[in-house]
Amino acid sequence: MKIGIIGAGNIGGNLTRRLTALGHEVSVANSRGPQTLAALAEETGATPVTASEAAKGAQVVVVTVPLKAVPDLPAGFLDGAAEGVTVIDTGNYYPQRDGRIAAIEDGLPESRWTEQRIGHPVIKAFNGTYAQDILDRGRPQGTPNRQALPVAGDDPAAKQAVRDLIDALGFDSVDGGGLDDSWRQQPGTPVYGNRGDADAITKGLAEASPERTAEFRA
């Protein structure tokens, strides 16, 4: 599968490592330019590109940049993607880093805000996952207590594509509902940073509160 990854930080870098190891054709971009990705490209075989090129021909695009950087993504960066492209949003709102975003403070789910900025539906996944776990904690399907990740989004086919990718990476997944329900996996909720199995994640999603904790409010 052709996959574009925009953002080469901890999550983006480790997804690049694992997805290339699984045989996917990965293009990776960051804000500083392809020349700064030479080491990651040499390590993984991924193709370093600009952000405007990352989605070209891609069936899956992962947007894994700080929320404050989402409005700065190149206009039309998804225009060259494959028809029906699935877009994964791994982002979180950290006001200490991103500044105050009024709509999110007022209750708009973080990934809905991102979706509105980029003009394309997104699937929220990997946002509460420790980056190192992507490398270290994957297990074969059927392994007892296999770590599970919540996945939220409105498009059933896109959501299933993400869940299939998560399974291939070595994790179970739990349907977190539509994107309007994705607040249940935002920072400060029971599933954020939770390494539990599918039962634990299902329970955590059910116990989430829509009230943002003080730590994650401006």
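**Exercise 1. Strand S2 and its neighbours**

How many of the 5 residues of S2 are buried? Work out the answer, and then describe the strands that pair with S2 in this predicted model.

*Solution.* Step one is to look at the cover of the strand: 4 of the 5 residues of S2 are buried, and the strand is therefore described as mostly covered, where buried stands for a relative accessible area under 20%.

Step two is to find the partners. S2 pairs with S1 in the parallel sense, over 5 bridges, and among the residues involved Ile6 has Ala29 of S2 as its bridge partner. S2, which spans residues 25–29, is also joined to S3 by 2 bridges, and these two strands run parallel as well. Here Val28 has Pro48 of S3 as its bridge partner.

Step three is to place these strands in the whole sheet. As a general point, the strands of a sheet pair through backbone hydrogen bonds, in either a parallel or an antiparallel way. In this structure 6 strands form an open sheet with parallel pairing, and their order is S3-S2-S1-S4-S5-S6. The edges are S3 and S6 (123–124), each of which pairs on one side only. Helix H7, made of residues 156–169, packs on this sheet and touches S1 (2–6), S4 (60–63), S5 (86–89) and S6, while its direction makes about 65 degrees with that of S5.

**Exercise 2. Two residues in their surroundings**

Describe where Pro48 and Ala58 lie, how accessible each of them is, and which residues they touch.

*Solution.* Begin with Pro48, which is found in strand S3 (residues 47–48). Its relative accessibility is 28%, so Pro48 counts as partly exposed. When residues up to four places away in sequence are not counted, Pro48 touches Val28, Pro34, Leu37 and Ala41. As for distances, Pro48 and Gly33 are 15 residues apart in sequence, and their C-alpha atoms are 8.3 Å apart in space.

Then turn to Ala58, which lies in the loop between S3 and S4. Its relative accessible area is 0%, and Ala58 is therefore buried. With residues up to four places away in sequence again left out, Ala58 touches Lys2, Ile3, Gly4, Ala81, Ala82 and Val85. One of these residues, Ala81, is 23 residues from Ala58 along the chain, yet the C-alpha atoms of the two are separated by 4.9 Å.

**Exercise 3. A cluster of rings**

Which residues are linked into a cluster by ring pairs? Classify each pair by its geometry.

*Solution.* The structure holds 2 aromatic pairs, and ring pairs link Tyr94, Tyr192 and Phe216 into a cluster. In general, two numbers describe a pair of aromatic rings, namely the distance of the centres and the angle of the planes.

Take the pair of Tyr94 and Phe216: the ring centres are 6.1 Å apart and the planes stand at 45 degrees, so this pair is tilted. The pair links distant parts of the chain, with Tyr94 in the loop between S5 and helix H3 (95–98) and Phe216 in the segment after helix H8 (198–207), 122 residues apart. Tyr94 is partly exposed, with a relative accessible area of 22%, whereas Phe216 is buried, with 9%.

Continue with the rings of Tyr192 and Phe216, whose centres are 6.0 Å apart and whose planes are at 70 degrees; because planes over 60 degrees apart count as edge-to-face, that is the name for this pair. Tyr192 sits in the loop between strand S8 (172–175) and H8, 24 residues from Phe216, and with 27% relative accessibility Tyr192 counts as partly exposed.

**Exercise 4. A cavity and a buried arginine**

Which residues line the largest cavity? Afterwards, describe the surroundings of Arg212.

*Solution.* A search of the whole structure finds 1 cavity of 30 Å³ or more, and about 40 Å³ of space lies in the largest cavity. The residues that line the largest cavity are Ala125, Phe126, Asn127, Gly128, Thr129, Leu149, Pro150, Gln185 and Val191.

Arg212 has its place in the segment after H8, and at 13% relative accessibility this residue counts as buried. Leaving aside neighbours within four places in sequence, Arg212 is in contact with Tyr93, Ile104, Glu110, Gln186 and Arg217.

How values were computed:
Residues are numbered from 1 along each chain as its sequence is written. This is a predicted model: local features need pLDDT of at least 70, side-chain atom pairs count only at pLDDT 80 or more; totals for chains, interfaces and linings use all residues. Side-chain values use heavy atoms; hydrogens and water are left out. Buried means under 20% relative accessible area, exposed over 50%, partly exposed in between (1.4 Å probe, protein chains only). Contact means heavy atoms within 4.5 Å. Two strands pair if DSSP finds at least two bridges between them. Axes are lines fitted to C-alpha atoms, for helices over the stretch in contact, and angles run from 0 to 180 degrees between N-to-C directions. Rings of Phe, Tyr and Trp (its six-membered ring) pair if their centres lie within 6.5 Å; planes under 30 degrees apart count as stacked, over 60 as edge-to-face and the rest as tilted. On a 1 Å grid over the protein atoms alone, a cavity is a set of points where a 1.4 Å probe fits but cannot get out, and a pocket is an open set with protein on both sides within 12 Å along at least five of seven lines; lining residues have an atom within 4 Å of a point. Grid points are joined across faces, edges and corners, and a volume is the space filled by probe spheres set on the points.
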